[in-house]
Amino acid sequence: RRAFDGLVDDVRGVISPVIDEASRGGFNAANAHYSNLRDALGYPRRHVAASETLLKVGLDAVMAVVLFQRASAIAMLAQGRADMATLIGTDQRPGILNPTPVLQAASEQIVGVGQASMIQGLIDLKVNPNAVLLQAVAAIDERTTPCCLAVHGQAVPINGGLFHLTAEPK
């Protein structure tokens with residue numbers, strides 16, 4: 001059990017500063033956008049800081065995946081049904097302690113916290129989020145579809161605008 005607790009603490013120690021940096025990056029982007037708008041439109045000087053709530057929610061979402069894996073592994077051990085292959089996996093299948101779901105959750109939270117921080121920062125700065133746009137940029141390679149090319153270059157409001165798909169995705 002102590003080994004699992006150490007694993008949980010290690011994951012928390014690695015993920016927490018990354019999510020913190022994503023949040024700060026989002027707020028820095030909001031401040032940069034505000035600074036540009038301030039200069040162009042004569043807005044008053046303001047600055048916002050990262051939200052502890054966003055950091056906590058992002059970290060909690062990732063840790064929920066880790067704690068689920070921990071509880072599953074402990075339950076299997078308590079039932080006497082766990083061996084190393086069940087716990088850590090083999091070449092053919094993943095084990096209970098699998099980094100892929102943790103990394104997926106971390107990636108989602110890093111992006112989500114960064115975007116939410118930017119939007120919250122713009123709202124805190126009293127900037128209309130519709131004034132800030134996201135622009136679609138298609139990666140051009142052999143997998144690029146007509147749908148990607150049709151969306152390329154479109155700009156929508158950052159607070160929930162949708163890109164207009166003008167072709168059928170493959």
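**Entry 1: salt bridges**

I looked up Asp 5 and found its side chain joined to that of Arg 70 in a salt bridge, with 2.7 Å from N to O. I count a salt bridge when a side-chain nitrogen of Lys or Arg lies within 4 Å of a carboxyl oxygen of Asp or Glu. This is a predicted model, in which local features need pLDDT of at least 70 and side-chain atom pairs count only at pLDDT 80 or more, while totals for chains, interfaces and linings use all residues. Residues are numbered from 1 along each chain as its sequence is written, and side-chain values use heavy atoms, with hydrogens and water left out.

Back to Asp 5 and Arg 70, the pair with the 2.7 Å salt bridge. Asp 5 is in helix H1 (residues 2-41) and Arg 70 is in helix H2 (residues 52-78), so the pair links distant parts of the chain, 65 residues apart. For the element names I use DSSP runs, numbered from the N terminus: helices are H or I with at least four residues, and strands are E with at least two.

Is Asp 5 buried or exposed? Asp 5 counts as partly exposed because its relative accessibility is 30%. The cut-offs are under 20% relative accessible area for buried and over 50% for exposed, with partly exposed in between (1.4 Å probe, protein chains only).

I also checked Ala 3, which sits in helix H1. Ala 3 has a relative accessible area of 64%, so it is exposed. Its C-alpha atom is 10.0 Å from that of Arg 70, although the two residues are 67 apart along the chain.

How many salt bridges does a search of the whole structure find? The search finds two. Besides the Asp 5 pair, I noted Asp 60 with Lys 56, whose closest N and O atoms are 2.6 Å apart. Both residues lie in helix H2, four residues apart, which is about one turn of the helix. Asp 60 is partly exposed, at 37% relative accessibility, and Lys 56 is exposed, at 52%.

**Entry 2: helix H2 and the core**

I checked the length of H2 next. The expected span of a helix is 1.5 Å times one less than its number of residues. For the 27 residues of H2 that gives 39 Å, and the end C-alpha atoms are 37 Å apart, which agrees. Buried residues in H2 include Leu 55, Leu 59, Val 62, Met 63 and Val 66. Just after H2, I noted that Gly 80 has a positive phi of about 75°.

Then I looked up the largest nonpolar core and found 13 residues in it. A nonpolar core is a set of buried Ala, Val, Leu, Ile, Met, Phe, Trp, Tyr and Cys residues joined through side-chain atoms within 4.5 Å. Val 11, Ile 15, Ile 19, Val 62, Met 63, Val 66 and Val 102 have the most contacts inside this core. H1, H2 and helix H4 (99-124) each give two or more residues to it. H2 gives the most, with five residues.

For one residue of this core I listed the neighbours. Ile 15 touches Leu 59, Val 62 and Ala 106, with residues up to four places away in sequence not counted. Contact here means heavy atoms within 4.5 Å.

**Entry 3: Thr 86**

I found Thr 86 in helix H3 (residues 84-88). Thr 86 counts as buried because its relative accessibility is 15%. Apart from neighbours within four places in sequence, Thr 86 is in contact with Met 76, Arg 81, Arg 93, Gly 95 and Ile 96.

**Entry 4: cysteines**

I searched the whole structure for disulfides, meaning pairs of cysteine sulfur atoms within 2.5 Å, and the search finds zero. Why is Cys 147 not bonded to Cys 148? The sulfur of Cys 148 is the closest cysteine sulfur to that of Cys 147, but at 5.9 Å it is too far for a bond. Cys 147 is buried, at 6% relative accessibility, while Cys 148 is partly exposed, at 34%.

**Entry 5: strand E1 and the whole chain**

I placed Leu 133 in strand E1 (residues 133-135). Leu 133 is partly exposed, at 48% relative accessibility. Its C-alpha atom is 5.8 Å from that of Ala 155, which is 22 residues away along the chain.

Last, I noted the totals. The chain has five helices and two strands, in the order α-α-α-α-β-α-β from the N terminus. Of its 170 residues, 32% are buried.
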